[in-house]
Amino acid sequence: TVSLGSSGFFQLDVAASAGGFAVAWIQSDRTGNLSEPYRTNLYARVFDGAAWGAVAALEARVTPAGDPVIVSNGNGYLVAWSQYNETTIRSTIYTNLHNGTSWQGAVDIANSTNVLIEPRLTSNGAGYAVAWIESVGAVHKLNARLYTGGAWGTAQSFADVGGYHGAPYLASSGGNYLLVWNVSGGASLGYHSAGSGTTWSAPQG
């Protein structure tokens, strides 16, 4: 099993590497004491092809984690999720990289006073691409960021495409990335942008 006891589990996701699997999930960590704050934290467990490793806590904030997604580059794994940072008082997209041996710790790849939600994730077999929605008042905008050569590139916003951005999807050809999404604002249009591994192209409708 991949569990930590009798607490509630939800929002599971799974990924396969060249030789194993990894599972990430949200778990309710309230002990039953109603005076405690309600906490939902993020966990993961890796199967190396022979045995399950220990359950790993990928973050430990007092605010609820949500929207976890996990993918593999064939060797390791990357998990992305959304969470409010109670210290900086900002909505945040976090990632945690498994390098094939161990989890490397939560990394803040985007934060804002606006609400950041719906992370999407894929790999080209070496690096990773992450996209997410930013809620700016009544309008949603799409953002994306690439992980290449062991480092995160600069986040790119597609806010220049006016309207309400939604339903983002990411895919990779094994070299490049493709990000597609729709924009509604009078008419509903589909847009796409290609990631070269380091940058994103201008959106095309």
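These legends accompany close-up views of a predicted model.

**View 1. The largest nonpolar core and its best-connected members.** This core has 16 residues, and the ones touching the most other members are Leu-42, Leu-58, Ile-70, Tyr-77, Val-79, Trp-81 and Trp-103. Four strands each give two or more residues to the core: β2 (21–28), β3 (40–47), β5 (65–72) and β6 (77–85). As a bit of background, nonpolar side chains in soluble globular proteins tend to be buried together.

**View 2. The surroundings of Val-79.** Let's zoom in on one of the core residues just named, Val-79. Leaving aside residues up to four places away in sequence, Val-79 touches Ala-24, Leu-42, Leu-58, Val-69, Ile-70, Tyr-94, Thr-95, Asn-96, Trp-103 and Leu-121.

**View 3. An aromatic pair, Phe-158 with Trp-181.** Searching the whole structure turns up 8 aromatic pairs. In the one shown here, the rings of Phe-158 and Trp-181 are 5.0 Å apart centre to centre, with 45° between the planes, a tilted arrangement. The two partners are 23 residues apart and link distant parts of the chain: Phe-158 sits in the loop between β13 (156–157) and β14 (164–172), while Trp-181 belongs to strand β15 (residues 177–185). Phe-158 counts as buried because its relative accessible area is 0%, and Trp-181 is buried too, at 4%. Widen the view and you will find a cluster in which ring pairs link Phe-158, Tyr-177, Trp-181 and Trp-200.

**View 4. A nonpolar patch on the surface.** Here Val-14, Phe-21 and Trp-52 come together, and their accessible area adds up to about 290 Å². Val-14 is part of strand β1 (residues 9–16).

Notes
Residues are numbered from 1 along each chain as its sequence is written. This is a predicted model: local features need pLDDT of at least 70, side-chain atom pairs count only at pLDDT 80 or more; totals for chains, interfaces and linings use all residues. Side-chain values use heavy atoms; hydrogens and water are left out. Patches are made of residues with over 30% relative accessible area and no salt bridge: like charges are joined within 9 Å, nonpolar side chains (Val, Leu, Ile, Met, Phe, Trp, Tyr) within 5 Å. Accessible areas come from the Shrake-Rupley method with a 1.4 Å probe; for residues, only the protein chains shown count as cover. A salt bridge is a side-chain nitrogen of Lys or Arg within 4 Å of a carboxyl oxygen of Asp or Glu. Rings of Phe, Tyr and Trp (its six-membered ring) pair if their centres lie within 6.5 Å; planes under 30 degrees apart count as stacked, over 60 as edge-to-face and the rest as tilted. Buried means under 20% relative accessible area, exposed over 50%, partly exposed in between (1.4 Å probe, protein chains only). A nonpolar core is a set of buried Ala, Val, Leu, Ile, Met, Phe, Trp, Tyr and Cys residues joined through side-chain atoms within 4.5 Å. Contact means heavy atoms within 4.5 Å.
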